[in-house]
Amino acid sequence: MLGSCYCLESSVVGCLLCHAGCSTDKLASSLAFHPPSPPSYVLRTAPDGTRVAAFDPLSDDPRLSQDWGASLRSCEVDEVTTRRGNTVCVLRMRRPGRDAYGTKATIVVSHGNALDAALFIPFATHIATQLDANVSVYDYSGYGASSGKPRVEDCKADIEAVVTHHVDVLGCDPGRIVLYGQSIGSGPTCHYAALAGNNQSSRSRDGAPSNRHNLTKDGKIAHKVGGVVLISPIMSGLSVISPPEGTGVMCTPACVFKPCDVFKNFDEVAKFACPALVVHGRLDDQVPCSHGVGLHALLGGGGGDGVGGGNGYGNGSGNWKHPEPYWVKNAGHQNVYDADPAQFLARMRRFVSDVSARASQTAGGGGGGGNDVGLMPLPAVELMEPVGNESRVKPAGRGDGGAPVVRDAPAGFAPQLMSRN
C-alpha cells in the first residue's frame with residue numbers, strides 16, 4: 001500500500017482477473033476456497049445400505065479419529081443433488097425423541113473455507129448438546145465427499161438444495177431452521193436468507209403481507225427460515241482486501257472492481273425477513289470487525305410481517321427484532337467461542353430458543369414473543385458495548401501481509417483442530 005492509495009493492490013487483482021480469463025467466478029474460487037486435500041473423511045456403505053462417514057485413516061491428525069471418530073460415525077449422512085448437478089454431502093446430528101425436526105431447532109452450518117464438514121463435527125457435537133438442537137453440516141461442491149468444484153454459484157446452489165432437502169424430505173419446520181454461516185460461509189448463508197426473505201416480493205400490491213414465496217433458479221420454494229447467525233462474516237469478497245468505506249482510501253479493489261465482487265453480503269442482509277445474530281472478534285486481523293459492524297448496521301426486517309427495524313428479541317406481540325450483536329473481546333478470526341465459551345453459548349442459546357418459541361407460536365396461531373418463554377438472561381455489562389476503533393482494524397496489520405486468502409477454522413476448538421494449511 002502506498003500512502004492512502006490501493007492502486008497496487010487493485011492492479012494485482014486486475015492481473016489475477018486477466019489470468020483467470022476475466023472470469024470472476026474462477027478468480028473468486030481460486031482465492032476463496034481451500035478444501036482440505038485429501039479430505040478429512042470418507043463415506044462407506046454399511047451392510048444395511050446406509051452411508052456412514054469416518055475419518056480418513058490417512059489423515060495427518062490421528063487424534064481426530066481417536067477423539068471424535070464415534071461422533072462422526074453417529075452422524076446420519078445424506079447425499080443431495082443440486083440444481084447444478086453436483087452431489088452435496090450432509091452430515092446430520094439429530095436430537096433424541098420423536099419428531100425432532102418438527103419440534104426442535106435445526107442449525108444448518110455453512111463452514112469456513114479451509115475445513116470440510118467432518119472437521120466441524122467436534123464443535124457441532126458440542127453445540128448440539130448445549131443448545132438441544134439438531135445440527136447439520138454440509139460440504140460445498142468440491143469439498144469433502146461432495147462432487148464438483150468449489151465455485152461461488154455452486155455454493156449458492158448447494159445451500160438451496162440442502163435447505164430444500166431438510167424441509168421437503170426430512171420434514172423440518174422452516175421456522176425452526178437457523179442458518180449458521182462462518183466467514184466465507186456467510187456468503188451462501190446470506191444468499192439463501194435474502195432469497196427467502198426479500199421484502200419486496202413478500203407483500204401484495206396494496207402493501208399488505210403476502211404468503212407468496214420466492215423461488216430458487218430451479219423453481220423450488222425458498223423457505224423462510226427462522227433465523228440467521230453470522231460468525232466473523234465478510235461484507236463481500238473484495239472487501240476482505242480493502243479498507244472500510246469512509247476511511248478516505250482511494251482505488252481500493254472493492255471500489256475499482258465493484259461489478260466483479262462476489263458474495264455481496266452488504267446487499268443481501270437488507271432483504272432478511274428473520275432475526276440475525278452477528279458475532280465478530282474485536283481483534284480479527286483476517287476479516288476485520290468492521291465487516292460485522294457494517295453488516296449489522298445494514299440488517300433489514302424486524303416485525304412479524306417482515307417490516308420494521310430495531311434491535312432486541314420478541315416483544316410479546318409476535319413481532320421480532322434483531323438481537324444485539326456480540327463483539328467478542330480478545331478474540332480473533334478463529335476463536336470467538338474459545339475467548340468466552342459461556343457468553344457465546346448464552347447468546348446462541350437465547351437466540352435458538354427464541355426462534356423455536358416463535359415457530360411454536362406461529363404454528364399454534366398464538367401471540368407472544370421470545371422474552372415470554374423464560375429465556376436465559378444475558379449479563380447486562382455485555383449487552384451493548386461499543387466496538388469503537390477496534391472495528392477498524394487496518395488490513396496492513398494482517399499477519400499474512402494482506403493477501404486475499406482467509407483460512408478458517410471452526411468458531412471453537414481452533415487450537416485442537418486446525419493446523420492444516
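The following dialogue reads the main features of a predicted model step by step.

User: How many helices and strands does the protein chain have?

Analyst: The secondary structure of the protein chain comes to 13 helices and 10 strands. Of the 421 residues of the chain, 56% count as buried. The chain exposes about 17,000 Å², and carbon and sulfur atoms supply 53% of that area.

User: What share of the contacts between residues at least 6 apart in sequence join residues at least 24 apart?

Analyst: In the protein chain, 74% of those contacts join residues at least 24 apart.

User: What pLDDT does the chain average, and where does pLDDT stay under 50?

Analyst: The general idea comes first. Where pLDDT is low, the predicted coordinates should not be read in detail. In this predicted model the chain averages a pLDDT of 77, and 64% of the residues score at least 70. The value stays under 50 over residues 366–407, for which the model has 96 contacts beyond four places in sequence. It also stays under 50 over residues 414–421, with 24 contacts of that kind in the model.

User: In what order do the strands of the sheet stand, and which strands are at the edges?

Analyst: Strands of a sheet pair through backbone hydrogen bonds, either parallel or antiparallel. Here 8 strands form an open sheet in the order 3-4-6-5-7-8-9-10, and the pairing is mixed. Strand 3 (76–81) and strand 10 (326–328) stand at the edges; each has a single partner strand, so one side of each is left without a neighbour in the sheet. On average, neighbouring strands of this sheet are turned by 20° against each other, direction ignored.

User: Which strands pair with strand 5, and in what sense?

Analyst: Strand 5 (residues 106–110) pairs with strand 7 (residues 177–182) in the parallel sense over 5 bridges. Strand 5 and strand 6 also pair in the parallel sense, over 5 bridges. Val108 shows both pairings at the level of a residue: Val108 stands opposite Leu179 in strand 7, and the bridge partner of Val108 in strand 6 is Ser136.

User: Which way do the residues of strand 5 point, and are they buried or exposed?

Analyst: In a regular strand the side chains alternate between the two faces of the sheet. In strand 5, Thr106, Val108 and Ser110 point one way, while Ile107 and Val109 point the other way, and all are buried. Strand 5 is thus mostly covered, with 5 of its 5 residues buried.

User: Which strands do helix 5 and helix 10 touch or lie across?

Analyst: Helix 5 (residues 117–131) lies across strand 4 (87–93), strand 5, strand 6 (134–138) and strand 7, and runs at about 165° to strand 6. Helix 10 (residues 289–298) packs on the sheet, where it touches strand 9 (276–281) and strand 10. The direction of helix 10 makes about 160° with that of strand 9.

User: How many aromatic pairs are there, and why is the pair of Phe123 and Phe344 described by its particular term?

Analyst: Two rings count as a pair if their centres lie within 6.5 Å; planes under 30 degrees apart are stacked, over 60 edge-to-face and the rest tilted. By this rule the count comes to 9 aromatic pairs. The rings of Phe123 and Phe344 have their centres 6.2 Å apart and their planes at 55°, so the pair is tilted. This pair links distant parts of the chain, with Phe123 in helix 5 and Phe344 in helix 11 (residues 341–364), 221 residues apart. Both Phe123 and Phe344 are buried. Tyr140 and Tyr143 form an edge-to-face pair, 5.4 Å centre to centre with 90° between the planes, and both are buried.

User: Which residues form one aromatic cluster?

Analyst: Phe120, Phe123, Tyr180, Tyr337 and Phe344 form one aromatic cluster.

User: Why does Val167 count as buried or exposed, and which residues is it in contact with?

Analyst: A residue is buried when its relative accessible area is under 20%. Val167, found in helix 6 (residues 152–168), has 14% relative accessibility and therefore counts as buried. Leaving aside neighbours within four places in sequence, Val167 is in contact with Cys172, Pro174, Ile177 and His223. Val167 and His223 are 56 residues apart in sequence and 8.1 Å apart in space, C-alpha to C-alpha.

User: Where does Gly69 lie, and which residues does it touch?

Analyst: Gly69 lies in helix 3 (residues 63–73) and is buried, with a relative accessible area of 3%. Not counting residues up to four places away in sequence, Gly69 touches Phe55 and Leu64. Gly69 and Phe55 are 14 residues apart in sequence and 6.4 Å apart in space, C-alpha to C-alpha.

Technical notes
Residues are numbered from 1 along each chain as its sequence is written. This is a predicted model: local features need pLDDT of at least 70, side-chain atom pairs count only at pLDDT 80 or more; totals for chains, interfaces and linings use all residues. Side-chain values use heavy atoms; hydrogens and water are left out. Two strands pair if DSSP finds at least two bridges between them. Helices (H or I, at least four residues) and strands (E, at least two) are DSSP runs, numbered from the N terminus. Axes are lines fitted to C-alpha atoms, for helices over the stretch in contact, and angles run from 0 to 180 degrees between N-to-C directions. Contact means heavy atoms within 4.5 Å. pLDDT is the predictor's confidence in each residue, from 0 to 100. Rings of Phe, Tyr and Trp (its six-membered ring) pair if their centres lie within 6.5 Å; planes under 30 degrees apart count as stacked, over 60 as edge-to-face and the rest as tilted. Buried means under 20% relative accessible area, exposed over 50%, partly exposed in between (1.4 Å probe, protein chains only). Accessible areas come from the Shrake-Rupley method with a 1.4 Å probe; for residues, only the protein chains shown count as cover.
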